[in-house]
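Colleague: I'd like a close look at one part of this protein, with the rest kept for context. Could you walk me through it?

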Amino acid sequence: MLKLLYRIKAIIDRWWSEFTLQTRLMAAATLVVSLIMSGLTFWAVNTIQQDARLNDTRFGRDLGLLLAANVAPLVGENNRTELARFSHRFYSSTSSVRYMLYADEDGNIFFGIPFSESEVQNSLTIRRRMQLPENYAANLDAPMVRQHLTPAGEVTDVFVPLNHDGKYLGVLAIGINPNPTVVNSSHLTRDVTIAVFVSIWVMVILGAVFNALTITKPIKELLVGVKNIAAGNFKQRVDLPLGGELGELILSFNEMAERLERYEEQNIEELTAEKAKLETLVSTIADGAVLLDTNMQVILTNPTAERIFSWEDAQDVLGQNVLYHLPNAVSAELTRPLYQLASGQPPAEMRDGAEFRITIPEPINRTVRILLTTVLDQYREAVKGIAITVQDITREAELNEAKSQFISNVSHELRTPLFNIKSFIETLHEYGDDLSEVERREFLDTANRETDRLTRLVNDVLDLSRLESNKRYSMEPVEIVQPIEQTLRTHRLNAKDKGIELCQDIEPDLPPVFGNYDLLLQVFSNLMGNGLKFTPAGGKVMIRAYLLQSKDEQPPSHVRVEICDTGIGIDPEDQEAIFDRFFRVENRVHTLEGTGLGLSIVRNIIEKHHSRVYLVSEVGMGTTFWFDLAVFKEGAALPHELTPTEHRIKEVKTVSIAASPVSSDA
């Protein structure tokens, strides 16, 4: 039973909740009006009924007194025949009397109309006794009136004492019918009230149904449409065939939705174009770019960042926590700053962003500069994301390290000769008269050698700077034998002093090459000087030149030049950086003299000749440097960069073959 009541209550609540506010207010107003009207009507009916009762009471009292005055002598004489005749005549003459009962002083009914005691006794064998009101004994001189309800209607009971000659003879009870006119009026008023009440509620129900069909449904449709529009569904339309204000409202709504749909399409196209421009711009910038939200999830990346962080597929990173995909060194350094910036309350030194310099050891050793910048909303109050800018400064770090190394080397190279020069000159200046001619000459020779050493250092720096600039050099036919022989003559005495044998293997009748004589002479001089510097006494240094033969039987187009030595060799790990500026090979004993610029100059000169220089080396066995020069052809244009492939490795080995030694007049 309780579940049924709850279910009914739920149904009523759901039914009531479906009504609009307007319908609810209308129902409440109707209920109040109907209650007020019903109350006024019932008040009027009650007033009429009270007046009718009062009139019935007065009429019954007067009628009872009149009748009692006429029948009291008959009762006193015990003339019941005449009493019955008079009572029947009186009862028949009026319709207002419902009944008439006569009782003795003990309350026993001895005569009554419409029945008599004899009739009652003969038919029912029951003696009737009148039940008087409780306070009747105290008012024997005055009639008493009461009213009671019977199935036939309300009856007014009048009890009149029968007194004759000062003697109490009994009681006359008369039942008075209500006034039929008043009763009919009261019933009519009641029926009208009920009809009005029912009519009002029928009108309310019909109004609610009409409201639901003509007003509520369109309003609900419009409400659903407005909600869809607010949610971004601009394809929403309301299709109801209504006129008047509601029809105009629906038409205006559909026009608004159509305009919003067109505006959205236009905005989407513009936003898509702007997004494409932004993505194109971000993808083409040289620096790496990563955009995060406040949950550290990746929103946008560009190819540079993917390359630096070794992200093979950007789709695997998008929407993921960036800290799980960064290299360990970067993640360890950025975790705390990123969360501080995302919280919107970074330390004072990070309010304008943060900068970090991090070395990533794997998979490729890189040095990166990472800038963290917060992305704020339009009011610059709340943090919407974090922008990470990544710059690969590996080359810059290497250059800075090389510069520091160069400054250190140059400082060392400058300090030693300058100190020697100053020391010997001061000695000659202060103690020149005390020195012998041999000592003075020895001091001057030392100062001269140190000066030459400084000159070479300065010249190397100037040469490298000039080569790395955009200066153009004139190219012309060069007989390759001439710079080779000049280089051998220049280093002959130095090789003799060190006990090193100079050899040459020049193929006869070599064609002229396309190049610059002075630059090629500097290449041969640097490579020959390198070989002499790193070759111990008793070793050999050889220079060799020959034509490269092509497999397609075309005329040879290149001359290969090799400078070989039987020196200490170069470690494999140093061979990659041997041509870098300021790089110097350190052996197990000490750092060899030099600025580390010679081979860098060689590389730049050979690149000016649109070729490349290579080396083959083995520690303890020696080193061979080699490069190819284009054969000069009349009317031919300067060739592009040459990268020999077919003849790159042609038995290029350290000096272990017989070679003709350089003659004394070489």
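Which residue in β9 does A354 stand opposite?

Modeller: A354 stands opposite L372 in β9. Bear in mind that this is a predicted model. Let me build outwards from that pair.

A354 is where β8 begins, since β8 covers 354-360, and its partner strand β9 takes in residues 366-376. The two run antiparallel, and seven bridges join them. On its other flank β9 goes with β10: nine bridges join these two, again antiparallel. One rung to look for is R369, whose bridge partner in β10 is Q391. β9 and β10 form a hairpin, with six residues between the strands. In that turn sits R380, with a positive phi of about 55°.

Carry on across the sheet and you get from β10 to β6. Five bridges join this antiparallel pair, and A289 in the β6 stretch (288-292) stands opposite T389 in β10. Put together, the sheet is open and has five strands in the order β7-β6-β10-β9-β8, with antiparallel pairing. β7 (298-301) and β8 are the edge strands, so each of them pairs on one side only. That puts your A354 on an edge strand. Neighbouring strands in this sheet are turned by 20° against each other on average, ignoring direction. If you're tracing side chains along it, remember that in a regular strand they alternate between the two faces of the sheet.

Something lies across those strands too. Helix α8 (residues 328-342) lies across β6, β8, β9 and β10 (383-392). Relative to β8, the helix runs at about 165°; an angle over 145° counts as roughly antiparallel, so that's the word for α8 against β8.

Between β6 and β7, have a look at the loop, which holds M296. M296 has a positive phi of about 70° although it is not a glycine. Is M296 buried or exposed? Buried, because its relative accessibility is 0% and the cut-off is under 20%. Set D509 beside it: that residue also isn't a glycine, and has a positive phi of about 60°. D509 lies in the loop between β12 (501-506) and β13 (513-515). With a relative accessible area of 77%, however, D509 is exposed.

The loop with D509 takes us towards a helix pair. The axes of α11 (residues 481-498) and α12 (residues 517-534) come within 9 Å and cross at roughly 25°. That makes α11 roughly parallel to α12, and the crossing is right-handed. On the α11 side, the residues that meet α12 include I484, L488, H491 and A495. Among those facing them from α12 are L521, F524, M528 and L532. By class, this contact has nine nonpolar, seven polar and two charged residues.

One more spot, on another helix: N254 is found in α6 (residues 244-284). N254 is buried, with a relative accessible area of 18%. Leaving aside neighbours within four places in sequence, N254 is in contact with R237 and V238.

As for the context you asked for, the protein's secondary structure comes to 14 helices and 18 strands. Buried residues make up 38% of its 666 residues. Of the contacts between residues at least 6 apart in sequence, 61% join residues at least 24 apart.

How values were computed:
Residues are numbered from 1 along each chain as its sequence is written. This is a predicted model: local features need pLDDT of at least 70, side-chain atom pairs count only at pLDDT 80 or more; totals for chains, interfaces and linings use all residues. Side-chain values use heavy atoms; hydrogens and water are left out. Axes are lines fitted to C-alpha atoms, for helices over the stretch in contact, and angles run from 0 to 180 degrees between N-to-C directions. Helices (H or I, at least four residues) and strands (E, at least two) are DSSP runs, numbered from the N terminus. Angles under 35 degrees count as roughly parallel, over 145 as roughly antiparallel, 65 to 115 as roughly perpendicular and the rest as oblique. A crossing is left-handed if the near helix is turned anticlockwise from the far one by less than a right angle, and right-handed if clockwise. Contact means heavy atoms within 4.5 Å. Ala, Val, Leu, Ile, Met, Phe, Trp, Tyr, Cys and Pro count as nonpolar, Asp, Glu, Lys and Arg as charged, and the others, Gly among them, as polar. Buried means under 20% relative accessible area, exposed over 50%, partly exposed in between (1.4 Å probe, protein chains only).
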